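The following paragraphs go through this structure from its sheets to its chains. Have the sequence and the model open while reading.

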Amino acid sequence: MSWRRLMAVARKELIQIWRDSRSLGIVLVMPLAMMLLFGYGVNLDMKHIPICVFDREGSQKSQDLLKRFQSSDYFEVVRAVDSYPALVKAIDSGQARMGVVVPHDFSERLRTGETATVQAIVDATDDNTANLAIGYTQAVVSDFSQRVQLDWLRQQGRPEPNPPLAVDARTWFNEDLESKAFIVPGVLALVMSVIGAFLTSLTIAREWERGSMEQLISTPVTPLEIMLGKLAPYFVIGLLNTAVCAVIAIWWFEVPFRGSVAALFVSSALFMVVVMALGFFISVIGRSQLAASQIALTATFLPAFLLSGFLFSIDQMPAVIRAITHVVPARYFVTILKDVFLKGSGLSMLEGELLALALFAVALTLLATRSFKKKL
Amino acid sequence: MLNRLRQMLIKEFLQVFRDKRALWVLIGPPIIQMLIFGYAASYEIRHVPTAVLDLDHSQESRDLIARFSATPYFDVRTQLTDREQIREMIDRGQVTVALEIHPGFAALLRKGQTAPLQVIVDGTNSNTALIALGYVNQIAQGYADDHQRDAMQRSSPFLLARLPAVELESRPWFNPNLESRWFFVPGVIGSLLQVMVIVLTAFAVVREREIGTLEQIMVTPIRPREFILGKTLPFFLIGLFDAGMIGLVGTLWFQVPFRGSLAVLALGLMLFLLCALGIGLFISTVSATQQQAMVTAFFFIMPAITFSGFGFPIASMPRAVQWLTYLDPLRYLLVVLRGVYLKGVGLDLLWPQMAAMAVLGTALLGVSVLRFRKSLD
């Protein structure tokens with residue numbers, strides 16, 4: 001292997017990236033764009049859920065209950081309807097996500113000491129929002145119920161009983177339960193998947209498709225030199241991007257960074273090797289740019305998005321899919337990222353994940369070198 | 001004209017179907033993506049790994065814990081013996097929720113005082129934490145209510161009989177079991193369709209330009225109009241075919257209900273395809289190489305999916321971003337897809353979405369065709 005030849009290939013690749021304004025754009029702008037996209041676009045903690053209310057009684061008591069919805073941060077009463085069909089229409093058209101129906105005998109039942117049932121009709125198309133809405137509604141209603149009972153006991157001349165149970169909940173690592181802190185660190189894995197696999201997979205396929213591979217083969221450059229030379233620029237770019245993303249996460253989105261920079265750097269470098277080797281392998285087997293880019297997206301970006309725990313928790317997946325996630329390198333990297341940012345884990349606590357990434361790096365590099373033969 | 005167009009179409013279809021690998025690209029990835037999405041994309045919270053530190057060892061504390069294990073939401077895996085273990089287990093991510101019951105829990109309850117239940121949640125995944133906390137509060141509330149009723153039953157049963165109460169009856173419509181799959185599967189049809197059609201259209205033109213065959217076509221008697229039709233019509237048909245195929249997987253394999261009318265869905269898909277073809281064509285006019293086309297397409301597709309309401313509620317985005325989503329054709333298609341699949345609503349409610357897609361589609365296609373004709377000259 002000759003250092004000079006390797007550097008020559010790397011320089012050629014760098015010039016190619018530099019001249020192609022759009023490739024340059026993707027490596028410079030994309031990290032920024034993805035961070036902003038996910039930092040601002042992904043927010044699962046729904047507030048101001050649009051609801052409509054249907055007060056079939058119109059009494060002081062029913063209005064008291066509905067006021068609690070109005071004053072809640074979680075709901076926004078967009079309409080008060082006066083018929084059932086109107087409520088159905090508000091939900092069908094998506095104007096309101098939930099309809100609260102107070103029965104016509106609400107205060108009557110409370111006066112006679114019965115249980116009054118309030119109905120919440122929820123548009124469960126979006127199950128997560130529906131789930132949150134039901135939880136918040138449950139809290140409003142049981143709070144109201146308690147108030148009614150205490151008032152009643154006082155009227156009966158009874159002492160107010162203490163609430164039997166007080167839940168003292170503490171949230172660790174992400175104290176304010178912000179989606180941002182949960183999502184943004186994982187974006188680094190997505191950015192690196194795109195830079196690493198997507199762009200590299202296109203580079204080799206491009207040479208094949210344009211026929212310039214034949215020219216390369218006729219030179220004294222060895223396959224290993226071609227591979228390393230082509231990948232080196234992307235490796236450096238990928239790591240620079242990681243740094244840029246980390247800076248945006250910490251200073252712009254104010255995601256806490258509690259772990260060590262060393263852990264972040266080592267794991268990023270390992271992951272970069274993994275995705276690049278994978279991208280290279282794909283470009284060798286894909287041949288055409290269209291096929292290579294499609295396979296690269298399906299094999300790296302998609303798993304990094306879906307099967308890594310970036311957004312959807314792996315705990316909740318069916319056993320078969322959970323097993324598959326073990327062969328998704330991004331899974332380990334996302335765990336590391338979240339631990340380093342939020343939990344403050346150092347290298348020693350992440351041994352298992354780092355080892356897994358290292359194994360992937362070695363195996364995929366071998367696979368890539370093996371598959372890339374310098375012949376037609 | 002019809003004859004030339006036919007020749008052009010034959011050539012395009014030949015090109016698509018001759019390349020075995022490209023053919024695989026048309027069928028393989030969509031199905032794989034549909035399967036992965038259907039199984040992996042889920043916000044449902046079940047069997048949250050939970051540890052318990054019961055320092056009271058009383059009937060009451062065991063009772064409370066039993067209520068947690070009785071729900072499908074918590075999976076009480078470990079009984080701990082000291083507080084340090086909580087930190088360790090949560091740090092390592094072995095459990096998400098830890099319940100701690102202090103000594104004297106039962107004694108406080110029996111005296112009629114307030115007993116604390118300490119809950120520690122790993123907030124790394126804010127969504128899981130938020131929903132799990134909601135369940136914790138519901139279970140604790142239920143326990144408190146029952147305890148209060150029991151105490152009253154013993155001290156003053158006549159009062160209990162007249163105690164008023166308000167109850168909530170929640171009815172999740174359209175998706176009674178709150179399955180994430182029902183939310184995601186119709187959305188996947190839309191987002192896959194968008195990716196496929198934009199990428200294929202953009203590539204089909206740019207490839208000719210890159211290989212140099214575009215010039216050869218230019219010297220044939222084919223008119224620009226026929227060329228554009230010949231380049232878009234195949235992908236319009238392929239798009240519809242793919243949508244049908246993925247839709248069948250959704251209904252037959254994932255058992256997502258289809259409650260609306262097929263005609264409404266088809267209309268929505270066709271209007272959306274106009275938008276997607278327009279975008280693909282536009283990308284082809286600004287790209288000289290396939291790599292450029294791919295990069296540009298990616299730059300467009302990522303935000304288009306994120307801002308469409310595909311997985312993240314539009315209502316909780318910043319106001320400025322919400323306005324931006326109105327320019328996203330996928331946003332409207334998703335309303336149509338979910339409306340037809342889950343809600344079973346028809347054109348009377350979906351016409352605004354259809355109109356929006358028709359307007360966007362005409363505008364996008366119009367601009368692209370103009371640009372495209374210029375780039376041919």
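Two strands count as paired when DSSP finds at least two bridges between them. In this predicted model, pairing in that sense gives an open sheet of five strands in the order S2(A)-S1(A)-S3(A)-S4(A)-S5(B), and the pairing is mixed. In general, the strands of a sheet pair through backbone hydrogen bonds, either parallel or antiparallel. At the edges of the sheet stand strand S2 (75–81) of chain A and strand S5 (165–173) of chain B, each of which pairs on one side only. From one strand to the next the twist averages 25°.

Within this sheet, strand S1 (residues 49–55) of chain A runs parallel to S2(A), and six bridges join the two. One position to look at is Ile49(A), which stands opposite Phe75(A) in S2(A). Helices lie against the strands. Helix H3 (residues 60–70) of chain A crosses S1, S2, strand S3 (98–102) and S4 of chain A, at about 175° to S1(A). H6(A) also packs on the sheet, where it touches S1, S3 and S4 of chain A together with S5 of chain B. The direction of H6(A) makes about 165° with that of S5(B).

A second sheet has its order written from the other end. It is open, has five strands in the order S5(A)-S4(B)-S3(B)-S1(B)-S2(B), and its pairing is mixed. Its edge strands are S5 of chain A and strand S2 (74–80) of chain B, each pairing on one side only. Here the twist from one strand to the next averages 25°.

Where does S5(A) join chain B? Eight bridges connect S5(A) to strand S4 (residues 115–122) of chain B, and the two strands run parallel. Thr171(A), for example, stands opposite Val121(B) in S4(B). At the other edge, strand S1 (residues 48–54) of chain B pairs with S2(B) in the parallel sense over six bridges. Thr50(B) has Val76(B) in S2(B) as its bridge partner. Helix H6 (residues 126–155) of chain B lies across S5 of chain A together with S1, strand S3 (97–101) and S4 of chain B, and runs at about 170° to S5(A).

The contact between the two chains takes in other elements as well. It involves 95 residues from chain A and 95 residues from chain B. On the side of chain A that touches chain B, the elements giving two or more residues include helix H2 (21–41), helix H4 (84–92), strand S4 (115–123), strand S5 (165–172) and helix H7 (179–210). Helix H11 (289–306) and helix H13 (329–343) of chain A are also among them. The largest share of this side, 18 residues, comes from H6(A), the helix that also packs on the sheet. Sorted by class, the side of chain A that touches chain B has 46 nonpolar, 32 polar and 17 charged residues.

Now take each chain as a whole. Chain A has 14 helices and five strands. Its radius of gyration is 29 Å, well over the 21 Å that the globule rule gives for 376 residues, so chain A is more spread out than a compact globule. Along the principal axes, the C-alpha atoms of chain A fill a box of roughly 100 × 45 × 40 Å. Chain A is divided into domain 1 (3–42 + 178–371) and domain 2 (49–155), and the centres of these domains are 49 Å apart, taken over C-alpha atoms. Of the 376 residues of chain A, 50% count as buried. Among contacts in chain A between residues at least 6 apart in sequence, 79% join residues at least 24 apart.

Chain B has 15 helices and five strands. The radius of gyration of chain B is 29 Å, where a compact globule of 377 residues would have a value near 21 Å. The C-alpha trace of chain B spans about 95 × 45 × 40 Å along its principal axes. Buried residues make up 46% of the 377 residues in chain B.

One residue of chain A remains. Glu254(A) sits in the loop between helix H9 (223–252) and helix H10 (261–286) of chain A. Is Glu254(A) buried or exposed? Glu254(A) counts as exposed because it has 12 C-beta neighbours inside 10 Å. The C-alpha atom of Glu254(A) is 8.1 Å from that of Ala181(A), a residue 73 positions away along the chain.

Notes: Residues are numbered from 1 along each chain as its sequence is written. Chains are lettered from A and ligands numbered from 1 in the order in which they are written. This is a predicted model: local features need pLDDT of at least 70, side-chain atom pairs count only at pLDDT 80 or more; totals for chains, interfaces and linings use all residues. Helices (H or I, at least four residues) and strands (E, at least two) are DSSP runs, numbered from the N terminus. A residue is buried if 20 or more other C-beta atoms lie within 10 Å of its own, exposed if 12 or fewer, and partly exposed in between; C-beta atoms are placed from the backbone. Domain bounds come from an automatic or database domain assignment. Two residues are in contact if their C-beta atoms, placed from the backbone, lie within 7 Å. Ala, Val, Leu, Ile, Met, Phe, Trp, Tyr, Cys and Pro count as nonpolar, Asp, Glu, Lys and Arg as charged, and the others, Gly among them, as polar. Axes are lines fitted to C-alpha atoms, for helices over the stretch in contact, and angles run from 0 to 180 degrees between N-to-C directions. The radius of gyration is taken over C-alpha atoms; the globule rule is 2.2 Å times the number of residues to the power 0.38.
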